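I opened this entry to keep track of what I looked up, step by step. The notes are brief.

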Amino acid sequence: MSQITPSVYEIAVLPGDGIGVEVMQACVALLEAAQRLDRGPQLKLTRYDAGAQHYAKHGEALPERTLDAARAAHAVLFGAMGWPDVRYPDGTEPIPQLDLRMALDLYAGVRPIRWFPGLPKVLTDERAAGIDFVLVREQTEGLFYARGKGSINEAGESYDTMQITRRGTDRVSRFAFKLAEQRKRRRGQANVTCVDKANVFTSMAFFRDVFNDAAKDFPGVSFDHAYVDAMALTMIKKPWTLDVMVTENMFGDILSDLAAGLIGGMGMAPSADVGDHHGLFQPAHGTAPDIAGQGKANPGAMFLSGAMMLDWLADRHDQPELEQRARTIEAALEAVLGSGAVRPMEYGGDAGTKAMTDAVIAALPQAAATIPAAPLARRA
Ligand SMILES: NC(=O)c1ccc[n+]([C@@H]2O[C@H](COP(=O)([O-])OP(=O)(O)OC[C@H]3O[C@@H](n4cnc5c(N)ncnc54)[C@H](O)[C@@H]3O)[C@@H](O)[C@H]2O)c1
Ligand SMILES: CC(C)[C@H](C(=O)O)[C@@H](O)C(=O)O
Ligand SMILES: [Mg+2]
């Protein structure tokens with residue numbers, strides 16, 4: 001992809017299934033409203049088919065046209081895909097986001113978790129107001145390497161293999177350290193925790209060794225290690241002590257849902273799937289079949305994923321207006337939730353997807369007025 005600075009960015013929009021479609025509709029409306037308010041580059045948002053329902057109807061989950069569009073776009077905006085009843089013959093679900101992670105080499109799953117006023121106080125300790133950490137999940141190997149390769153033998157044994165490579169661990173560790181360096185500019189200090197199970201598995205001891213080697217190139221950032229089970233405890237007992245974590249694919253998948261629970265659920269848990277050449281931005285949640293079609297989904301995670309996309313484009317193409325737009329969207333969402341006037345159904349309130357979206361769009365002009373002119377301090 002070219003690094004020339006265009007004035008229009010092509011965004012491949014993949015809504016997917018269930019509430020993915022609902023929160024995507026909300027996010028597209030928000031992004032279009034936000035770009036009408038500034039003179040920055042415009043996004044051209046084009047929708048493409050993919051997902052479990054597409055597979056059920058047409059026999060393919062990720063059409064070639066969609067994959068080509070994702071490859072050619074400046075960024076991919078992704079809702080959620082998968083549906084528990086729709087299965088491949090081997091019993092697994094058609095889940096194109098995993099194919100896209102491999103096809104676009106999106107090796108870093110960046111999953112920030114931050115509490116701010118208006119979000120539920122899940123933990124009673126007042127220090128929980130300081131929850132502000134990022135989980136970096138390796139996304140091209142680990143236990144997910146086994147996808148499509150598992151076996152069941154006649155003796156009634158099933159095997160899936162975990163793959164850890166020096167290249168994969170080194171690049172995701174460096175990504176985590178660079179992210180910590182950015183956060184240090186805002187927070188004054190930075191730490192990366194390697195989350196593994198090096199006490200039991202050779203592959204995990206190797207992961208830790210490769211992480212330690214990478215750490216030598218980042219003397220300004222401290223680092224430590226935690227076993228994944230102990231990290232699950234720390235996330236509940238004192239999550240305000242955490243900064244950046246880097247971990248294996250499956251551990252990261254589990255811990256990121258646990259982390260979302262600290263701020264009231266999946267509805268405020270965004271993510272970025274990033275590689276050296278492509279970026280895909282999606283909420284960390286799934287298609288939520290239990291609430292799909294009812295207009296109840298919290299679009300907050302999708303909005304924050306949209307803001308992460310704007311930040312990523314701003315960085316890659318040196319476009320500070322896009323960074324300003326990202327801050328405006330965040331500020332509007334924070335203002336709406338912080339005022340208490342709109343409480344998402346996810347937190348026991350009565351605001352569904354539309355009410356939340358309308359309120360955040362209405363808050364954009366005032367939020368824009370509070371954002372200082374570019375260049376800004378990045379909220380890493
Ligand atoms: N990134 C993705 O596309 C993604 C992620 C996880 C699961 N999935 C798929 O989604 C389907 C459902 O999976 P699941 O039920 O395990 O996980 P899920 O994240 O869809 O739902 C878990 C719980 O969180 C709630 N929830 C999730 N997002 C919400 C939101 N924005 N607002 C309010 N509540 C929300 C749901 O109602 C549900 O109770 C499966 O097919 C799974 O494979 C896809
Ligand atoms: C849907 C599923 C395959 C996916 C994953 O496990 O990576 C999801 O849970 C996520 O966290 O992005
Ligand atoms: Mg997950």
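The notes below go from the domains to the ligand shell and then to a single residue.

Before anything else, I noted that this is a predicted model.

Domains. I looked up the domain assignment of the protein chain and found domain 1 (1-107 + 272-380) and domain 2 (121-262). I then checked the separation of their C-alpha centres, which is 24 Å. For the contacts between the two, I found 12 residues of domain 1 touching 15 residues of domain 2. On the domain 1 side, helix α4 (residues 96-103) gives the most, with 3 residues. I sorted that side of domain 1 by class and got 7 nonpolar and 5 charged residues, with no polar ones.

Ligand 1. I went through the 25 residues around ligand 1 and noted that Ala80, Gly82, Gly267, His285 and Gly286 come nearest. By class, I have the shell around ligand 1 down as 13 nonpolar, 9 polar and 3 charged residues.

Ala26. I located Ala26 in helix α1, which covers residues 19-36. Is Ala26 buried or exposed? I entered Ala26 as buried, because it has 26 C-beta neighbours inside 10 Å and the cut-off for buried is 20 or more. Setting aside neighbours within four places in sequence, I found Ala26 in contact with Pro299, Met302, Thr353 and Thr357. I also looked up Ala26 against Asp358: they are 332 residues apart along the chain, and their C-alpha atoms are separated by 8.7 Å.

Terms used. Residues are numbered from 1 along each chain as its sequence is written. Chains are lettered from A and ligands numbered from 1 in the order in which they are written. This is a predicted model: local features need pLDDT of at least 70, side-chain atom pairs count only at pLDDT 80 or more; totals for chains, interfaces and linings use all residues. Helices (H or I, at least four residues) and strands (E, at least two) are DSSP runs, numbered from the N terminus. A residue is buried if 20 or more other C-beta atoms lie within 10 Å of its own, exposed if 12 or fewer, and partly exposed in between; C-beta atoms are placed from the backbone. Two residues are in contact if their C-beta atoms, placed from the backbone, lie within 7 Å. Domain bounds come from an automatic or database domain assignment. Ala, Val, Leu, Ile, Met, Phe, Trp, Tyr, Cys and Pro count as nonpolar, Asp, Glu, Lys and Arg as charged, and the others, Gly among them, as polar. A residue is near a molecule or strand if its C-beta atom, placed from the backbone, lies within 6 Å of it.
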